[in-house]
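Here are a few short exercises on ring contacts and strand pairing. Try each one on the model before you read the worked solution.

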Amino acid sequence: MASVQQRDDFSGDIASALLGHYDRHARELPWRSPPGMPPPDPYRVWLSEVMLQQTTVAAVIGYFEKFTRRWPDFTTLAAADDADVMAAWAGLGYYSRARNLLKCARAVVVEHGGQLPAHSAALAKLPGIGPYTAAAIAAIAFSERASVVDANVERVVARLFAIETPLPAAKPEIRIAVDAITPDDRPGDFAQAMMDLGASLCSVRNPQCLLCPLQSRCVAHKAGFAETLPRKGPKKAKPERAGTAWWIERNDHVWLVRRPDRGMLGGMRSLPDDGWNSRANGDSQPPFAANWNAVPGEVAHVFTHFRLTLRLAATAAPVEESSLPPGEWWPLKSLDSAGLPTLFSKAAKLAIRAREKF
């Protein structure tokens, strides 16, 4: 394993080689400026970093482009209706990010005049901005020399310095290493170059070491075990949960409810359900007495901390409005515009396929 002193000894070589490679091979992304150009709009950097948390670049690009067309800056986003933003976010997952997106935009408008603060310490005080996101925004949008460490960077640095401590215990050591090699000049380009390298040549499996600009400095490559890093501790098995959702149909409309702001899928439109959560199964009790028909099949969905198997029961019998949980009738022909989270979108598709059976 390379020592901190050894890292310092050739940190300039690493930055120079990597930035040279980035200048030639940088990914073109809608939230980036080309290598060596002035930093991009901080709003676009912030929005992309929030969207990219636990999500892939490919999944984010379409959402990013739609968001920025509709809400091009903090002022317009801060004034947006919560339901509209949550609906536009549907499908990206981790919906607390969308709630924090709105909180952050409103805080930026009220507390900072609609402009992000330019330093990582101030950024980290805003809703939904943790240490990584604060460092990334500060480096990319404001050229602050900050240590930017995402999963791709962890992999590159663990291999570069043969850090064999398993994750997550290795995170402090990796952060120290990243700080040692981050240059004063072009820190934003350097951070993005590290991300690009981890997303391409230094991939999880079958890293293309012969093409890597850092090959001559990579301790794990020289030792012949780069592909085995970073080490990871054993994964804990995710708990299994079960629940039921209720499909209530009338005149080609389905009844949708709004989930509480706090809790799973908070603030999203959804089908009524039986109260399942990360700690317990649902109680299988329908919201009112009716002729409920089990819909064939089930929906499997993986959340961060548990797996859910969701069953579906449906009724198209006449329903007293007073017996319905608070919500609204939504036309089936425009159900895509309701912004249902992925779980309930899959459940709705299951019900629609089986409509002729009830």
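**Exercise 1.** Which residues do ring pairs link into a cluster?

Keep in mind that you're looking at a predicted model. Follow the ring pairs and you'll pick up Tyr-43, Trp-46 and Phe-74 as the members of a cluster. Across the structure, the count of aromatic pairs comes to 12.

**Exercise 2.** Classify the aromatic pair of Trp-276 and Phe-303, then work out what it ties together.

Step one: get the geometry. The rings of Trp-276 and Phe-303 sit 5.8 Å apart, centre to centre, with 35 degrees between the planes. Stacked needs under 30 degrees and edge-to-face over 60, so this pair of Trp-276 and Phe-303 goes down as tilted.

Step two: place the partners. Trp-276 belongs to the loop between strands E3 (269-270) and E4 (293-294), while Phe-303 belongs to the loop between E5 (299-302) and E6 (307-315), so the contact ties together parts 27 residues apart in sequence.

Step three: check burial, where the cut-off is under 20% relative accessible area. Trp-276 comes out at 2%, so buried, and Phe-303 at 11% is buried too.

**Exercise 3.** In what sense do E5 and E6 pair, and over how many bridges?

Start with the bridges: there are 4 of them, and the pairing is antiparallel. Next, look at the connection: 4 residues lie between E5 and E6, and the two strands make a hairpin. For a register check, find Ala-300, which stands opposite Thr-309 of E6. Finally, sort the faces of E5: Val-299 and His-301 are on the covered one, Ala-300 and Val-302 on the uncovered one.

Definitions and conventions
Residues are numbered from 1 along each chain as its sequence is written. This is a predicted model: local features need pLDDT of at least 70, side-chain atom pairs count only at pLDDT 80 or more; totals for chains, interfaces and linings use all residues. Side-chain values use heavy atoms; hydrogens and water are left out. Rings of Phe, Tyr and Trp (its six-membered ring) pair if their centres lie within 6.5 Å; planes under 30 degrees apart count as stacked, over 60 as edge-to-face and the rest as tilted. Buried means under 20% relative accessible area, exposed over 50%, partly exposed in between (1.4 Å probe, protein chains only). Two strands pair if DSSP finds at least two bridges between them.
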